Amino acid sequence: MPSSATTRITPGPEGSWPLTFAELVQPVLDHHCVPCHQPGESGSDFNLKPGYAYSALISYGAKRTLQSHVLERYAEGYS
């Protein structure tokens with residue numbers, strides 16, 4: 001029989017609400033992606049170093065980017 005006791009909600013990792021790119025995402029990029037995706041590395045077409053990663057990722061894509069998708073949804077009245 002299931003318990004009727006409630007579980008206390010615990011906060012997520014630091015920077016997760018509201019989402020803080022520099023605290024939550026950039027450390028992962030620094031560890032796994034930046035060694036290859038930075039200026040001067042062969043085959044790298046974008047820079048994922050701090051200060052550049054956010055704009056590089058939201059503008060990535062030929063016709064549809066994350067940025068264009070968000071702006072389209074915003075124009076439709078979704079937030």
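Start with Cys33: its sulfur sits 8.7 Å from the closest cysteine sulfur, the one in Cys36, and that is too far for a bond. This is a predicted model, so keep that in mind as you look around. A disulfide, after all, is a covalent bond between the sulfur atoms of two cysteines. The cut-off used here for calling one is a sulfur pair within 2.5 Å, and by that rule the count comes to zero disulfides. Look at things from the other side and you get a matching story: Cys36 is in no disulfide, with the sulfur of Cys33 as its nearest cysteine sulfur at 8.7 Å.

How open are these two side chains to the outside? Cys33 is partly exposed, with a relative accessible area of 23%. Cys36 is exposed, at 53%. The cut-offs explain the labels: under 20% would be buried and over 50% is exposed, so 23% falls in between.

Now zoom out to the fold. The protein chain has four helices and zero strands, so reading from the N terminus you simply go α-α-α-α.

What about the overall dimensions? For 79 residues, a compact globule would have a radius of gyration near 12 Å, but this chain comes in at 18 Å. Along its principal axes, the C-alpha trace spans about 60 × 35 × 25 Å. Buried residues make up 15% of the 79 in the chain. As for contacts, take those between residues at least 6 apart in sequence: 14% of them join residues at least 24 apart.

On the surface, the chain exposes about 6800 Å², and carbon and sulfur atoms supply 59% of that area. There are charges to find too, with 5 positive and 7 negative side chains. The centres of those two sets lie 8 Å apart.

To finish, go to the stretch between two of the helices. Helix H3 covers 53–58 and helix H4 covers 66–75, and Thr65 is found in the loop between them. Is Thr65 buried or exposed? Thr65 is buried, with a relative accessible area of 14%, and the reason for the label is that anything under 20% counts as buried. Which residues does Thr65 touch, leaving out those up to four places away in sequence? The answer is Ile58, Ser59 and Tyr60. Ile58 belongs to helix H3, given that this helix runs 53–58.

Notes
Residues numbered from 1 in each chain as written. Predicted model: local features only at pLDDT ≥ 70, side-chain atom pairs only at ≥ 80, totals over all residues. Heavy atoms only, no water. Buried < 20%, exposed > 50% of the residue type's maximum accessible area, 1.4 Å probe, protein only. Rg over C-alpha atoms; globule rule 2.2 N^0.38 Å. Contact = heavy atoms within 4.5 Å. Areas by Shrake-Rupley, 256 points an atom, 1.4 Å probe, with all protein chains shown as cover. Lys, Arg positive; Asp, Glu negative; His and termini not counted. Charge placed at Lys NZ, Arg CZ, Asp CG, Glu CD.
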